[in-house]
Every structure is written in structure tokens, then in C-alpha cells.
Amino acid sequence: MLGDRVPDLRALQLLVAVRDLGSLGAAGAACGTTQQAASARLRSTEALVGVPLVLRGARGSRLTPAGELVARWADAVLDAAAHLDAAATALRQDAATHLRLAASLTAAEHLVPRWLAEAARRERDAGRAPAQVALRTTNSEEVAALVRAGEVDLGFVEGPEAPEGLAARAVAADRLVVVVAPEHPWARRRSGIAAAELAATPLVSRESGSGTRSALRRALAAALPAGHDVAEPALVLASAAAVRASVVAGVAPGALSSLDVADELALGRLVAVPVRGVDLRRTLRAVWRGGATPPAGAARDLLALASADGPAA
């Protein structure tokens, strides 16, 4: 920890300027301040250090031996500060031109491409090159882990709650749809099925850690009496596309994002089954680490764009 008698960088910069220029007025001008303000700052610095640093005279100003020594030390401090400033500038520029993302499968397939295309269009319209984007697609649990580890700047997850330890913002609303092949008995049930029947039925499911699987289990837990069991999956698969294909093939019913099954429902390859007494709505969120302030650069711009796109039912 630094002590409370260390001069600040502006004071050290002013002291070095007096040594190099031989005048308080010239030193103040070089540092962007008046002679009076420069003199007052140096007097405060002398009081802080505890020894005289500057000899003031009619023909100019010069440093005392102690002042020369402090100025020599200040050279190294200011040089290190300049390197830090340059490095921080490079980091800001890199953040503005490089974007590391991770997204759950639903967000990566249906939402993130649209946001990235719009972000690139806006950059080109402003005469700037779009950010270089690296997107990692995985389940929501792994997305959160990548964000926590600092391996990505921004993540997009789905699930009943925001991941613990991360800042989050809702960017879209979605709902799960229970679907079956047209030949399945549920396809002919106009009134749908009850929550208990859905819970008791082995489904084609995503893997543990998937936001879709977590959201369904949470919705069923909220709809059923405490301690009510949920059947183990009939088949566990690692992607929405694989789940969808298995349901189409008649393996078992499944529950997927409305975004994932829209085309198959329109083509009649799948049938949506209403579920009574279960709220299957869910929120898709952007997540980042480092507190409530959104990340800087391209990540901040993408977050603003996704937020403006807005949660929609």
C-alpha cells in the first residue's frame, strides 16, 4: 500500500518541468496551468514531502538538492505511468475492435446473428470497420463459466434466473413449446395435457446445464405439489437441432424454444401441445462480470443494441 505522503502524478510532472525549464511560469504553461496554480501545487507538494523542493528567485526557479533527487525519482515514475497509459489505451482500442462472445444455442442460432449484422451495418455507416467477433456456442451453464473466467467479454444465456455472481440484463423473452410428431397421441388432444402428465412423461431433452432443460424443470416445479417427481429423459442430446429431429422421428415428445420449432410447426412436421397450468415463458439475458456497469467497446455497443431490440413475448 502507498503511504499518504506520496505526491500525485500531476505534481511530479510539474516538478520535473521546473527542473527542465527553469521557470514556474514556463512549467505551469507546459503542464496546462497558470503560474499561480503551479506555485500553489508545488507548495502543497513540499508540505506533503516535508522538505523544500524549489528555490524561487527573480531570475527564475530551480530545484533544491532534495528537489533534484525527487525529480530524478519522478522521471522513473512518470515513465512507468506513460507506459501504463499507452497500455490502457491499447486495451481500450482492442475492446473496441475485438469482441469475444459466448451464447447459448438458442441465442446463438436465432438472435446473436441478427444483432451482430446490425452492429456491423451501423459501424460501416459510421465509416468504421466492424469489430472482429469470436463466438463460442455452448449451453447456458458453460456460457456463465466462460464469462466468470474472463474468457469472453459478454455472454447470452437462457434459463429461469440470472447466473450467480454476474451482472445481467434481459434482452429477449421466449417461451418453451411442448412438441410431438403428428402421429403422437398428444397431437390429437385439443385441450392439451396437464402439468402432471408432462412431468411423468420421459422426453427427448437437452443435456444438464442447458437453459431449456432448467427452465422446463423450474416451470414444472412451480406448477406441481412439492416433492412431485419429474421423469428422467427418454434421450439426452447436446443440441436443439438433435432434439428436434428426434421428436420429428417419433422418439418421444420434447420441449424446445418457440424459436427452435417455428419452421417445423409451420411445415406440419411437429405439432404444439398446450400444457395446462404451466408458465413456460422465460427470459434470455446478456451477462457480464465486473459489476452493474456494462463492458466497454464493442461489447457495450452490442449490449445496447440487443437491449433496444427488447424483450418480446
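Two strands pair if DSSP finds at least two bridges between them. Helices (H or I, at least four residues) and strands (E, at least two) are themselves DSSP runs, numbered from the N terminus. Keep both ideas at hand for the exercises below.

The structure is a predicted model, where local features need pLDDT of at least 70, side-chain atom pairs count only at pLDDT 80 or more, and totals for chains, interfaces and linings use all residues. Residues are numbered from 1 along each chain as its sequence is written, and side-chain values use heavy atoms, with hydrogens and water left out.

**Exercise 1. Neighbours of β3**

Task: find in what sense β3 pairs with β5 and with β4, and name one opposite pair of residues for each.

Solution. Step 1: look at β3 and β5, which pair in the parallel sense over three bridges. Here L101 stands opposite L154 in β5. Step 2: turn to β4, which also runs parallel to β3 and is joined to it by six bridges. In this pairing, H98 stands opposite Q132 in β4.

**Exercise 2. A hairpin and its faces**

Task: describe how β1 and β2 are arranged, and sort the side chains of β2 by face.

Solution. Step 1: strand β1 (residues 54–57) pairs with β2 in the antiparallel sense, over four bridges. Step 2: two residues lie between these strands, and together β1 and β2 form a hairpin. Step 3: find L55, which stands opposite R62 in β2. Step 4: recall that in a regular strand the side chains alternate between the two faces of the sheet. In β2 (residues 60–63), S61 and L63 point to one face and are buried, while G60 and R62 point to the other and are not. Buried means under 20% relative accessible area, exposed over 50%, and partly exposed in between (1.4 Å probe, protein chains only).

**Exercise 3. Three residues to classify**

Task: decide whether T138, T212 and R169 are buried, partly exposed or exposed, and list what each one touches.

Solution. Contact means heavy atoms within 4.5 Å, and the lists below do not count residues up to four places away in sequence.

Step 1: T138 lies in the loop between β4 (132–137) and α7 (140–148). Its relative accessible area is 18%, so T138 is buried. T138 touches A103, S104, L105, V143 and L146.

Step 2: T212 is in helix α9 (residues 211–223). T212 counts as buried because its relative accessibility is 4%. Among the residues that T212 touches are T106, E158 and R282.

Step 3: R169 belongs to strand β6 (residues 167–180). With a relative accessible area of 31%, R169 is partly exposed. The contacts of R169 include L284, W288 and S307.

**Exercise 4. Two helices that pack**

Task: describe how α6 and α12 pack against each other.

Solution. Step 1: two packed helices are described by the angle between their axes and the distance between the axes. Axes are lines fitted to C-alpha atoms, for helices over the stretch in contact, and angles run from 0 to 180 degrees between N-to-C directions. Step 2: α6 and α12 pack at an angle of about 120°, with their axes 10 Å apart. Step 3: angles under 35 degrees count as roughly parallel, over 145 as roughly antiparallel, 65 to 115 as roughly perpendicular and the rest as oblique. The two helices α6 and α12 are therefore oblique to each other. Step 4: the contact is made by residues including W115 and R122 of α6 and L302 and D309 of α12.
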